[in-house]
Amino acid sequence: MFQDACGHVCVVCTSASGCPVSGTATVWRSLSPFWGEEYTVHLPLDFHHLAFYVLDEDTVGHDDVIGKISLSKEAIMADPRGIDSWINLSRVNPDAEVQGEVRLAVRLLQDVHGRCLRCHLLQARDLAPRDMSGTSDPFARIFWGSQSLESSIIKKTRFPHWDEVLELREVPGSPTPLRVELWDWDMVGKNDFLGMVEFPAQILQHKPPDGWFRLQPFPSAEEDCGGSLGALRLKVRLAEDRVLPSQYYRPLMALLLESVRGSPEEDTASPLAVLEELTSGDCRQDLATKLVKLFLGQGLAGPFLDYLTRREVARTTDPNTLFRSNSLASKAVEQFMKLVGMRYLHEVLKPVLNRVFEEKKYMELDPGKMDLGRARRISFKGMPSEEQVRETSLGLLTGYLGLIVDAVVSSAGRCPPTMRLAFRRLRQCVEEHFPATEHEDVKYLAVSGFLFLRFFAPAILTPKLFDLRDQHADPQTSRSLLLLAKAVQSIGNLGQQLGQGKELWMAPLHPFLLQSVARVRDFLDQLVDVQEDEEAGGPARALVPPSVTVREGFLLKRKEESGGLAARFAFKKRYFRLSGETLSYAKGPEGQVPTSIPVSHICAVERVDEGAFQLPHVMQVVTQDSAGMLHTTYLQCKNVNDLNQWLSALRKASAPNQDKLAACHPGAFRGGRWTCCLQAERSAAGCSRTHAAVTLGDWSDPLDPDAEAQMVYRQLLLGRDQLRLTVLEEPNPDAASEADTGQGPCSEALARQRAAAAHLLEVLEDLDHAHEKFQWQGQGKVALGCRGP
């Protein structure tokens, strides 16, 4: 790496066709960073390559690009095991980074004057935005030998339609290639490069280009620098999975939902019991996330968590080890908190963390890490002593900790009801299993172990990962956050481990921590003081109260029937308000009688392709009237963040609706046909599967029941043979004989287990046949990695 590459070094995975960033891995001040982290990137079906960018993250200003690696889809798929090797970084010219495709039809004609090349420039799509408006003003230049021509300029679009024919005469000499370049026209300054395609003379002669072609950068932009920029070791594997239509997963969904209604301690053959036995550390977190989303979407997150925690508590004999491992129950509760509690976390911690970042105070209690030179500014009498630094640091730490503890213990009423009820059930379960007086603290530790050790403390340690800060902390602030996180962990442990570890230098903080424990106990009592009926039956009612306005603001609305108006002029500015009951709009926020759309009529909320109206950030709200007719309202948001937030809010509000559409059109019906699939009937069935569930929190985390059920199905397949052996083919002859004769104390339970296992195996067999059918027909949807909204 560069010798001046200090700060964070990030790896960003993205695709050429614009799929969102999956994640970043960071290493501090390292010229030879080691990440060892794994990310799953959702890819569109037609992706062409992945680009891995290595960045030097700057806490002030923009990150500096060190280099990149581009891998084509063909290169990744060449070996079933994927790619696992060192690859040299290439230079990156941000102005030459391109995306999108161009559609051409080229012909070579012969007449009395010689040969003529006719290039029919039709259109382009998904071009890079080069202007402040988020669009471009694209035009094309074609080069053939020494001849060149330019097309007209199409203003303010990333999806230009030219439909122009450009003709060039051949000049004497050897055959020459055809090069088509796309540029963004600028009135002031130089034009910006958008991409190019080039065709050798042999291709022009024998197989003239006709179709869509991926734009490429100039060759110099991708040159291998021979290792002068460093190299990146990658292990990349492309995994494909087929997500079936919703109806095929309903039997499996029914079994999953039925699992949480039985006795968790006796369950051995339900899908949840099988999954718990199967999952290892590698996939447990992903599976826990999928299961939490699946049950949350059905309004059964509480019973699901109760099922898992009861199973783990029943198997625990030592209360000191309760929920300390990364079991499926622990991971599920952890993911549940992140899904439903992010806004609560921000309300509690963000003000204090912002203050820590802004004040940048030096704090250190460990003599081995104390830097007296860095701490000089805290003393006006020369170099401070260790004791002075320790006293000053102690005062600063207790000040920040006091703010954190005050914010936490006063937040019980702001904690989401679903979280409070889950903790109430958890505490009841622990009290029932450990009723002895000497285990009085266990009921508190069970809740604080999740809330403090797995939620508050990690967020304090790495606030960027919880969206509390835009940038990672500098080394000094990072150390302060580590000290605060350690202290919060000690409070979450109710002070039981104080003085028992190797970090005896934390002893000056112990009196403050012990004083805080009593306040935390009172807070935990308040937190679980919630009634069962406070959790609503469905996710939307729990997250979007009917009478409360959850989102409002100006949007551009297009009439469903826009007459002869051009697409962009059919959009009118309106002020929208969304509650759990209605989506209403008027010309302004005050004074007008609004038009209302009942939320209960909404059957789909989806993004719209930018090419539909030549406009970005458009979504559609599909409703169904009492006569069964579908109506579509197109709304344009001001930016991508606004779009994601409106999608999230609308999907939350309409989550309980039963008559959701399985598919819809991501385009618009214009010019007598759908722009997405070119079908000529307005009533034609949708060509793209909808995302019928909701999004949660500020992260806009999608709930997709079909994709979640598909992952559960794949995991269950791994344990199918084990299920047959352990339940259906009982190895104990005596037990089998008792079950067959209906005698013995375990005969009824064994019979129920066998029936449940047989039912589960039938459901898996049906899904097997469905996958074979869709694979044979070449239909269905394919998901690469994780599906997105």
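Which loop does Lys360 lie in? Lys360 sits in the loop between helix H8 (342-359) and helix H9 (386-409), and we'll come back to its backbone further down.

Some ground rules before the tour. This is a predicted model, where local features need pLDDT of at least 70 and side-chain atom pairs count only at pLDDT 80 or more, while totals for chains, interfaces and linings use all residues. Residues are numbered from 1 along each chain as its sequence is written, and side-chain values use heavy atoms, with hydrogens and water left out.

Let's start with the whole chain. The protein chain has 19 helices and 29 strands; these are DSSP runs, H or I of at least four residues for helices and E of at least two for strands, numbered from the N terminus. Of its 789 residues, 49% count as buried. Buried here is under 20% relative accessible area, exposed is over 50%, and partly exposed is in between (1.4 Å probe, protein chains only). The accessible surface of the protein chain is about 38300 Å², and carbon and sulfur atoms account for 50% of that (Shrake-Rupley method, 1.4 Å probe). As for contacts (heavy atoms within 4.5 Å), take those in the protein chain between residues at least 6 apart in sequence: 66% of them join residues at least 24 apart.

Now for the inside. The largest nonpolar core has 117 residues, where a core is a set of buried Ala, Val, Leu, Ile, Met, Phe, Trp, Tyr and Cys residues joined through side-chain atoms within 4.5 Å. Among those with the most contacts inside this core are Phe295, Phe304, Leu451, Phe452 and Phe523. Helix H11 (residues 442-461) supplies the largest share of the core, 14 residues. If you leave out residues up to four places away in sequence, Phe523 touches Tyr344, Val408, Val409, Ser411, Ala412, Leu451 and Phe452. There is also a second, separate core of 23 residues, including Leu117, Leu127, Ala140 and Phe199.

Next, a pair of helices. The axes of H7 (residues 328-340) and H10 (residues 417-433) come within 10 Å and cross at roughly 160°. Axes are lines fitted to C-alpha atoms, for helices over the stretch in contact, with angles from 0 to 180 degrees between N-to-C directions. H7 and H10 are therefore roughly antiparallel to each other, a label used for angles over 145 degrees. On the H7 side, the contact is made by Phe336, Met337 and Val340, and on the H10 side by Thr418, Met419, Ala422 and Phe423.

Just along the chain, Thr316 is found in the loop between helix H6 (301-315) and H7. Thr316 counts as buried because its relative accessible area is 10%. Leaving out residues up to four places away in sequence, Thr316 touches Thr321, Leu322, His433 and Phe434.

Back to Lys360, as promised. Lys360 has a positive phi of about 50° although it is not a glycine, and with a relative accessible area of 40% it is partly exposed. His617 also has a positive phi, of about 60°, without being a glycine. That residue is in the loop between strand S20 (602-607) and strand S21 (618-624), and its relative accessible area of 24% makes it partly exposed.

One last loop to look at: Lys207 is found between helix H2 (201-206) and strand S13 (210-214). Lys207 counts as exposed, at 64% relative accessibility. The C-alpha atoms of Lys207 and Val106 are separated by 9.4 Å, with the two residues 101 apart along the chain.

Notes
Parallel < 35°, antiparallel > 145°, perpendicular 65-115°, else oblique.
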